[in-house]
Amino acid sequence: MSAIDRLRNRLKEEELPQLGLTVGGELSKLIQSMEKQYKAGSGQTHDEDLVKKAVGRFWPEKRFQSLRDAQLVSYGLTLRPEPSKPCIMEDAERLHAVLDAQVGVGQWLDTPRCFRRCYQGLISSYFTYDGRDPKKPNVGRSNWIDLRTYLWQHSTRIVGPEFNPDWVNLVTQNHSLFSQDPCASYASAALAGDTKFIDEITHELGVSKNSWFQWELIMAQVRQATGLNDEEFKALIPKLLALIAGNELVREKAMVQILDRYAHSSDPILHERLRDTSVAWWGNPWLPSDEVRWGGVQPATRNLVAEWLRRDFIEAFFAKLAKDGVGDKRRANFWLRYVKSMSDVRFGLGTTALVSRDRDFAVLREKMKGLFQRLEDPVSTNNAFIMTIGDLVAVEFGGESNAFYGYDRRKVLPFDVKKPLQVPVGAVNSLKHKEPVRVLWMQHQDGIKGFSRWEDMFAAELKNKFGVAPDDRKIQSRPASRAQTSGRDSSEHSPASSQMRPFSISELIHFSRARGFGFRDLRSKNGNLRVDTNDRNPEVNRVLTAWGFKYSERGEFWWMT
């Protein structure tokens with residue numbers, strides 16, 4: 001049986017339909033499809049084993065013996081020939097050998113049909129290797145820039161005198177892809193939702209979804225949006241947040257630009273989605289543990305978000321966590337006037353708030369992460385709100401008929417907000433203490449002490465005792481009274497004091513508790529006495545240095561033997 005007979009029988013077995021030879025028939029469509037694919041010339045794939053073998057042959061010789069090897073190696077600049085060796089992109093000598101005019105791909109520069117086979121592979125390696133990543137080796141980042149420059153300079157050398165695949169025409173018309181800002185030309189269209197041309201580029205040039213090009217395109221859209229006027233930019237914020245939400249590689253950098261731009265707009269009023277999204281990603285803007293994540297934005301921006309969040313907490317506390325009826329709104333409105341002056345807020349949550357599956361409680365707990373402790377109170381619905389305003393530590397309670405307590409933070413506080421909190425007066429770590437431990441105690445009652453409204457009484461006491469005025473008035477700094485407390489007065493450790501107590505473990509305990517940091521004594525185990533805090537507080541620096549501590553350059557702690 002001849003080969004033709006065998007083919008005829010095989011076709012019968014497969015029951016393939018007859019191809020019509022009429023115009024517009026199946027054969028015509030097949031021809032059109034083949035012509036289109038041939039003209040496109042894209043979508044080439046190469047077996048990774050073949051590429052690695054070609055890279056292995058090139059590695060010791062640093063020269064190409066055939067066009068086929070040059071093409072394969074061009075696709076394999078990011079592949080390691082062996083686990084112990086770097087990829088070509090991270091080897092300066094070999095990358096330049098690949099591009100060399102004598103022994104590299106440059107030897108085919110005058111033959112467009114040959115050169116573009118290598119050029120297409122170089123494009124693939126260019127989009128695969130992330131030369132913008134600061135974590136990449138310096139040599140890799142430098143080589144990537146050299147490759148980008150090479151692609152820019154020789155983009156016209158892939159054009160032939162007769163036939164040119166679609167991808168060649170695309171490269172010559174978009175050689176800005178090999179510039180310092182490769183996505184700028186496409187940002188406006190992408191931001192408007194038109195990705196047709198971008199899809200064509202990524203398809204024709206084989207740009208994968210994992211390529212740096214994808215996140216650089218997102219950043220180009222962010223830059224485009226932040227360059228618009230206030231009204232246009234603000235209208236695009238929801239789209240920008242949705243755009244960056246699913247991409248952890250860009251969202252940190254993008255969010256910094258978006259937040260800073262909003263903070264510098266003409267009217268940066270509360271933007272709930274910006275607030276909630278940034279807090280969900282970076283944590284609380286005034287917590288030291290989240291300081292690194294918030295470090296990218298400008299201080300004014302961070303303060304703005306902190307103010308938004310504190311306002312949200314005040315309103316939420318008196319609406320959801322307090323049970324005084326109409327009085328809740330009055331208390332919320334009063335403390336909202338001081339929100340710009342607040343440097344810290346903390347919470348003590350009762351059992352109900354801690355375990356409730358109510359959605360509002362769940363959302364609050366998530367926002368308050370790192371800011372609350374258990375409030376151990378027989379009344380499970382009681383909660384506490386602890387605000388630091390200048391030198392005043394103000395404590396409000398959610399339970400009915402609970403008075404306001406005020407403490408001087410320059411003195412050793414009778415409670416530690418990093419531990420479960422108590423309510424009984426005078427108990428260990430209680431939020432309620434009698435004089436002289438507390439310096440303020442006031443009831444939310446109208447018509448007492450010569451004031452028709454309790455708000456006026458509170459405002460007067462805050463200003464007289466602590467120099468604190470509402471945000472819409474001038475705030476004057478004024479020393480607090482030297483009232484005696486049950487704990488030691490930490491002001492004796494201030495720079496202005498000349499009677500700092502000598503070092504002892506007892507003094508260190510009081511000093512560290514007052515400032516919210518801990519310490520570890522490992523001297524009995526041949527270790528050091530270590531204080532876990534940084535060197536950014538001049539008062540702390542002065543006291544610890546005077547006591548004989550040294551600051552470690554390897555981490556944020558002080559030590560002594």
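How do β3 and β4 pair, and over how many bridges? In this predicted model, the two strands run antiparallel to each other and are joined by 6 bridges. One of the matched positions is Ile-386, whose bridge partner in β4 is Val-395. The hairpin that β3 and β4 make has 2 residues between its strands, and Gly-390 there takes a positive phi near 60 degrees.

On its other pairing, β3 meets β1, again in the antiparallel sense and over 6 bridges. Ile-386 turns up here as well, standing opposite Arg-346. Strand β3 covers residues 384–389, and 6 of its 6 residues are buried, so the strand is largely enclosed by the rest of the structure. That cover reaches both faces: Ala-384, Ile-386 and Thr-388 are buried on one side, and Phe-385, Met-387 and Ile-389 are buried on the other.

Stepping back to the sheet these strands belong to, 7 strands line up in the order β6-β2-β1-β3-β4-β5-β7, forming an open sheet with mixed pairing. The edges are taken by β6 (421–422) and β7 (440–442); each has a single partner strand, so one side of each is left without a neighbour in the sheet. A parallel pairing is found between β1 (residues 342–349) and β2 (residues 372–376), which share 3 bridges. Within that pair, Gln-373 of β2 sits opposite Gly-348. A helix packs on this sheet too: α19 (residues 454–466) lies across β4 (392–397), β5 (404–408) and β7, and it runs at about 175 degrees to β7.

Now for the chain as a whole. It holds 21 helices and 11 strands, and 47% of its 561 residues are buried. Of the contacts between residues at least 6 apart in sequence, 61% link residues at least 24 apart. The exposed surface comes to about 29,600 Å², with carbon and sulfur atoms supplying 50% of that area.

What about the inside? In soluble globular proteins, nonpolar side chains tend to be buried together. Here the largest nonpolar core has 126 residues, and the members that touch the most others are Val-98, Val-105 and Trp-335. Helix α15 (residues 299–321) gives this core its largest share, 11 residues. A second core, separate from that one, has 14 residues, including Ala-384, Ile-386, Tyr-407 and Leu-421. Going back to Trp-335, and skipping its neighbours within four places in sequence, its contacts are Ile-314, Phe-318, Met-342, Met-387, Ile-389, Ala-394, Glu-396, Phe-404, Phe-458 and Leu-462.

Helix α15 also packs against another helix. Its axis and that of α14 (residues 272–282) come within 10 Å and cross at roughly 100 degrees, which makes α14 roughly perpendicular to α15. On the α14 side, Leu-274, Arg-275, Ser-278 and Val-279 make the contact, and on the α15 side Val-305, Trp-308, Leu-309 and Asp-312 do.

Helix α4 (residues 67–75) is a mostly covered one, with 8 of its 9 residues buried. The buried set is Leu-67, Asp-69, Ala-70, Gln-71, Leu-72, Val-73, Ser-74 and Tyr-75. These residues pack against α3 (48–61), α5 (92–99) and α6 (112–128).

A loop residue is worth a look as well. Pro-165 lies between α7 (138–153) and α8 (166–173), and its relative accessibility is 8%, so Pro-165 counts as buried. Its C-alpha is 9.8 Å from that of Glu-204, although 39 residues separate the two in sequence.

Last comes the other sheet. Its 4 strands follow the order β8-β9-β11-β10, and this open sheet has antiparallel pairing. The edge strands, β8 (518–521) and β10 (550–551), each pair on one side only. Strand β8 is joined by 4 bridges to β9 (residues 529–532), and the two run antiparallel. One of the matched positions is Phe-519, whose bridge partner in β9 is Val-531.

Note on methods:
Residues numbered from 1 in each chain as written. Predicted model: local features only at pLDDT ≥ 70, side-chain atom pairs only at ≥ 80, totals over all residues. Heavy atoms only, no water. Buried < 20%, exposed > 50% of the residue type's maximum accessible area, 1.4 Å probe, protein only. Contact = heavy atoms within 4.5 Å. Areas by Shrake-Rupley, 256 points an atom, 1.4 Å probe, with all protein chains shown as cover. Pairing = 2+ DSSP bridges. Axes fitted to C-alpha atoms, helices over the stretch in contact; angles between N-to-C directions. Core = buried A, V, L, I, M, F, W, Y, C linked by side-chain atoms within 4.5 Å. Parallel < 35°, antiparallel > 145°, perpendicular 65-115°, else oblique.
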